[in-house]
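Reader: I am new to this structure and would like to go through it step by step. Please show it before we start.

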Amino acid sequence: MAVKVAGRAASRSHDQPPGPATAPDLIQLLTPEGERTYHPDYPLELTTEEVKSLYRDLVLVRRIDFEAIALQRQGELGIWASLLGQEAAQVGSGRALGPRDMAFPTYREHGVAWCRGLDPARLLELFRGVSHGGWDPREHNFHLYTIVIGAQTLHATGYAMGIQRDGALGEDGEAVIVYFGDGATSQGDVNEAFIWASVTNAPIVFFCQNNQWAISEPLDRQSRIPLYHRARGFGFPGLRVDGNDVFACLAVTRKAMQAAREGQGPTLIEAYTYRMGAHTTTDDPTRYRLSAELESWKLKDPIERVKQYLIRSGLARDDFFAAVTAEADEVGTRVRTACLEMPDPDPLAIFDHVYAEPNAPLERERAQLAAYLSSFADEEPAPAGPEARP
Ligand SMILES: Cc1ncc(C[n+]2csc(CCOP(=O)(O)OP(=O)(O)O)c2C)c(N)n1
Ligand SMILES: [Mg+2]
C-alpha cells in the first residue's frame with residue numbers, strides 16, 4: 001500500500017463528499033480481522049510483550065470508560081465524555097510519546113491520560129465537579145482538559161515554539177502533540193495554530209481524531225475534502241491513519257514526533273475512527289444517526305482486532321485474556337471506590353484559584369457567598385457526634 005502525504009495525494013473533486021476512507025488513503029498495519037499488514041514507510045517491530053501490553057491498555061481504558069458512564073448514570077458524576085471506539089487512536093499515539101514530550105488533550109483523551117500515567121480518578125474529579133481545574137500538567141507532561149473547542153491547539157503551538165527557543169530540539173529532544181476532533185478543524189483557533197506552527201516550523205504533531213461527528217454534526221458539514229488534505233494548504237504534511245488500528249497509530253505518531261523533535265516541523269495526523277457511544281452522557285445519538293452506521297463500525301472494533309491477532313498468531317491463550325479481564329475489573333472497582341470517597345471541596349475554595357493574589361472585588365464576592373451559606377445554618381439539624389455545632 002502506498003503512503004500519501006498531503007503534498008502527493010491524488011486530488012479529489014470538490015463536488016465529491018468526503019466518503020469513507022479507502023485503501024490508498026489509509027495507513028493500516030492490522031486489519032479489522034486481526035491480520036498483520038506491512039507498510040514500507042512504517043516498519044513496526046513489536047515484541048509479544050509489547051503487543052500484550054497494548055492490548056492490556058486498550059482493555060483497561062475501555063473498562064475505566066464504562067465505569068465512568070455507569071457512575072454518571074447513578075448520579076455520581078455530572079457528565080462524562082466517553083472514548084468508546086477511540087481507544088486505539090489514543091493508546092497508539094499515547095504510547096508513541098517520550099517522557100519529555102508534552103501532550104495537550106481535549107476532554108475525551110482518557111486513553112492518552114492513562115498512557116501518561118495520570119491516575120484515572122483525577123479525571124473523574126473533574127467530571128464529579130470536586131476539582132477546581134485538574135492536575136499539575138508538569139507531573140505527567142499531560143496538559144489540562146480543555147472544553148473550549150480547538151483552543152488547546154494554540155496553547156500547544158505556543159508551547160512548541162517555546163521548545164525551539166529553549167534549544168530543546170534534536171534527536172533526544174522534545175516535541176508536542178495536540179489532540180482535537182473533526183469538528184474542531186472548523187474553528188479559527190485550529191487554523192491559526194496550523195499557520196503559526198507552519199511558518200515557525202514548530203515541533204508539533206496535530207492529532208485529529210476524526211470520529212465522524214461533532215455532537216450531531218456529521219463530517220460532511222465540516223469539510224468537502226478529507227481532513228488530512230488540509231495540511232497541504234498550510235505547508236506541512238498530512239496523512240490519514242486507521243484510527244482503530246493501535247499498531248498503525250503507534251508507528252505513524254512515533255515517526256511524526258521524531259520528525260518534529262529533529263526540527264522537521266509539524267505533521268497533521270488524521271486518525272480515522274468512530275465515536276461508538278454518545279457525544280457525552282447528555283446526548284442521545286439515536287436522534288441523529290442510523291444504527292446501521294454504528295453496526296458497521298462495531299465490526300472494526302479496535303480491541304477485537306488485537307485480540308484476534310494475538311489468538312491467530314498463537315501469542316496469547318485464554319489465561320492471558322482472563323487475567324486482563326480480571327485486572328480490568330480491579331481497576332474498575334478502584335476507580336469507583338475512589339470516586340465515591342472523593343471529599344467535597346469547601347465551597348469557598350473556588351475563590352482561591354481565580355487570581356494569584358487576592359483582590360478587593362474577589363474578597364467581596366467571597367464574603368457574600370460565606371454570608372449566604374451561613375444563612376442556612378439554623379435550618380439544619382445539628383449533626384450528632386464530636387463535631388456537633390454548639
Ligand atoms: C468554542 C466552542 N464552541 C462550541 C462548544 C460546544 N461543543 C462541545 S463539544 C462540541 C463538538 C466537538 O466536536 P469534535 O471537535 O468533532 O470533537 P468530539 O467531541 O467529536 O471528540 C461542541 C460544538 C465548545 N465547547 N466550545
Ligand atoms: Mg468529532
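Reader: How many helices and strands are there in the protein chain?

Author: This is a predicted model, in which local features need pLDDT of at least 70, side-chain atom pairs count only at pLDDT 80 or more, and totals for chains, interfaces and linings use all residues. Residues are numbered from 1 along each chain as its sequence is written, while chains are lettered from A and ligands numbered from 1 in the order in which they are written. Helices (H or I, at least four residues) and strands (E, at least two) are DSSP runs, numbered from the N terminus. By that rule the protein chain has eight strands and 13 helices.

Reader: What is the average pLDDT of the protein chain, and over which residues is the pLDDT below 50?

Author: pLDDT is the predictor's confidence in each residue, from 0 to 100. The protein chain averages 92, and 91% of the residues score at least 70. The pLDDT is below 50 over residues 1-22, a stretch with 35 contacts beyond near neighbours in sequence (a contact being two C-beta atoms, placed from the backbone, within 7 Å). It is also below 50 over a stretch with three such contacts, residues 385-390.

Reader: Why does the radius of gyration of the protein chain agree with that of a compact globule?

Author: The radius of gyration is taken over C-alpha atoms, and the globule rule is 2.2 Å times the number of residues to the power 0.38. For 390 residues this rule gives a value near 21 Å, and the protein chain agrees with it at 23 Å.

Reader: What percentage of the residues in the protein chain is buried?

Author: A residue is buried if 20 or more other C-beta atoms lie within 10 Å of its own, exposed if 12 or fewer, and partly exposed in between, with C-beta atoms placed from the backbone. Of the 390 residues in the protein chain, the buried ones make up 41%.

Reader: Why does helix α2 count as largely enclosed?

Author: Helix α2 covers residues 87-95. Its buried residues include E87, A88 and R95. The helix is largely enclosed by the rest of the structure because the number of its nine residues that are buried is nine.

Reader: Which elements are included in what covers the buried residues of α4?

Author: Helix α4 spans residues 120-128, and seven of its nine residues are buried, so it is largely enclosed by the rest of the structure. Those buried are P120, L123, L124, E125, L126, F127 and R128. Just after α4, G129 takes a positive phi of about 80 degrees. The cover over the buried residues of α4 includes α1 (48-73), α3 (110-116) and α12 (318-340).

Reader: Which residues does N244 touch, not counting residues up to four places away in sequence?

Author: N244 lies in the loop between β7 (238-242) and α9 (246-261), and it counts as buried, with 28 C-beta neighbours inside 10 Å. N244 and A88 are 156 residues apart in sequence and 5.2 Å apart in space, C-alpha to C-alpha. Leaving out residues up to four places away in sequence, N244 touches A88, T273, K300 and P302.

Reader: Is Y372 buried or exposed?

Author: Y372 has its place in helix α13. Its C-alpha atom is 47 Å from that of P99, with the two positions 273 residues apart in sequence terms. With 10 other C-beta atoms within 10 Å, Y372 is exposed.

Reader: Which residues have the most contacts inside the largest nonpolar core?

Author: A nonpolar core is a set of buried Ala, Val, Leu, Ile, Met, Phe, Trp, Tyr and Cys residues joined through C-beta atoms within 7 Å. The largest one has 84 residues. Beyond its neighbours within four places in sequence, I269 is in contact with residues including V205, F207 and L239. The residues with the most contacts inside this core are V176, V178, I204, V205 and I269.

Reader: Which residues are the closest to ligand 1?

Author: A residue is near a molecule if its C-beta atom, placed from the backbone, lies within 6 Å of it. The residues that surround ligand 1 number 14. The closest are I149, G181, G183, A184 and A214.
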